[in-house]
Amino acid sequence: MNRFLIVTMAAAITASGFTVLPSHAAETAPARRAAFAEKAKEKLNLTDEQLRQIKSEVVVQKESLADIMKRMKSAKAILRDAIQKSDATETEIRAAAAKVAIVEADAAVLRAKLYGKINPILTSDQQATLKELNSSADELITQMISRIGGKVGRE
């Protein structure tokens, strides 16, 4: 559950639409949390007080975050099973994908709420840096999509 808090905190800070859920052993969660906090602190030049305030906002949503992550895990597993089912129909796959979309929409709403709480903690310079980081992330994703499309076309 702690890794989900970290990921959601990252998503809230970056206001990104992409959520990555790494599957690491639970015993490494404290190390990952500390590494994430240090990276965020460094990239945005956060003060210790700002980092404390951000963590506090995330903790307030702890139960909501855990619920969404559990629902997302379940919905994605159902979708994966539908896709891999030998006699899967388009209707079944679309129904399973729609359930994932509902959970993703709920997650987006929660990210927006967290972003609304976290963004005011940041200075205007930090907010500008955050926008630059988001633009860089968007460009990286565009490049990855382009590379994948190019490789598929050659094969």
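This is a guided tour of a predicted model, arranged as a series of selections to make in the viewer.

**The whole chain**

Begin with the full protein chain in a cartoon representation. Six helices and zero strands are present, and the pattern read along the sequence is α-α-α-α-α-α. Colouring by burial shows that buried residues account for 26% of the 155 residues. With the surface displayed, the accessible area of the chain is about 10200 Å², and carbon and sulfur atoms contribute 56% of that area. For a contact map, consider the pairs of residues at least 6 apart in sequence: 70% of those contacts join residues at least 24 apart.

**The nonpolar core**

Next, select Leu46 and Ile54. These are the residues with the most contacts inside the largest nonpolar core, a set of 23 residues. Then display the elements that give two or more residues to this core: helix H2 (29-44), helix H3 (48-60), helix H4 (62-84) and H5. Which element supplies the largest share of this core? Helix H5 does, with seven residues. As background, nonpolar side chains in soluble globular proteins tend to be buried together.

**The loop between H2 and H3**

Move to asparagine 45, which sits in the loop between H2 and H3. Its backbone is worth inspecting: asparagine 45 is not a glycine, yet its phi is positive, at about 55°. Is asparagine 45 buried or exposed? Its relative accessible area is 61%, so asparagine 45 is exposed.

Keep asparagine 45 displayed and add glutamine 126, a residue of helix H6. A polar atom of the glutamine 126 side chain lies 2.9 Å from the backbone oxygen of asparagine 45. Glutamine 126 is buried, because its relative accessible area is 6%, whereas asparagine 45 is exposed. To see the surroundings of glutamine 126, select Leu44, Asn45, Leu46, Gln50 and Ile121; glutamine 126 touches each of them, with residues up to four places away in sequence not counted. Leu46 thus appears a second time on the tour, having been named among the residues with the most contacts inside the largest nonpolar core.

**The loop between H5 and H6**

Select asparagine 119 in the loop between helix H5 (90-118) and H6. With a relative accessible area of 18%, asparagine 119 falls under the 20% limit and is therefore buried. Add Gln127 and Leu130, which are in contact with asparagine 119 once its neighbours within four places in sequence are left aside.

**Salt bridges**

Now show the charged side chains. How many salt bridges does a search of the whole structure find? The search returns seven. In general, side chains of opposite charge can pair when their charged atoms come close. The following selections pick out several of these pairs.

- Glutamate 49 and arginine 52: their side chains form a salt bridge with an N to O distance of 2.5 Å. The two residues are three apart in helix H3, so about one helical turn separates them. Arginine 52 is partly exposed at 47% relative accessibility, and glutamate 49 is partly exposed at 39%.
- Lysine 85 and glutamate 92: the closest N and O atoms of this salt bridge are 2.9 Å apart. Lysine 85 is partly exposed at 37% relative accessibility, as is glutamate 92 at 31%.
- Glutamate 90 and arginine 94: this salt bridge has an N to O distance of 2.7 Å. Both residues belong to helix H5 and are four residues apart, about one turn of the helix. Glutamate 90 counts as exposed at 54% relative accessibility, and arginine 94 counts as exposed at 56%.
- Asp67, Arg71 and Asp106: select these residues together to display a network of salt bridges that links them.

**A nonpolar patch on the surface**

Finish by selecting Leu140, Met144 and Ile148 with the surface switched on. Together they make a nonpolar surface patch of about 280 Å². Where does methionine 144 lie? Methionine 144 is in helix H6 (residues 124-154), the helix that also holds glutamine 126. Why is methionine 144 counted as partly exposed? Its relative accessible area is 41%, and the partly exposed class covers values between the 20% limit for buried and the 50% limit for exposed, so methionine 144 belongs there. Glutamine 126, by contrast, is buried.

Definitions and conventions:
Residues numbered from 1 in each chain as written. Predicted model: local features only at pLDDT ≥ 70, side-chain atom pairs only at ≥ 80, totals over all residues. Heavy atoms only, no water. Patch = residues over 30% accessible without salt bridge, like charges linked within 9 Å, V, L, I, M, F, W, Y side chains within 5 Å. Areas by Shrake-Rupley, 256 points an atom, 1.4 Å probe, with all protein chains shown as cover. Salt bridge = Lys/Arg side-chain N within 4 Å of Asp/Glu carboxyl O. Buried < 20%, exposed > 50% of the residue type's maximum accessible area, 1.4 Å probe, protein only. Contact = heavy atoms within 4.5 Å. Polar contact = N/O pair within 3.5 Å; in protein donor to acceptor, adjacent residues only side chain to side chain. Core = buried A, V, L, I, M, F, W, Y, C linked by side-chain atoms within 4.5 Å.
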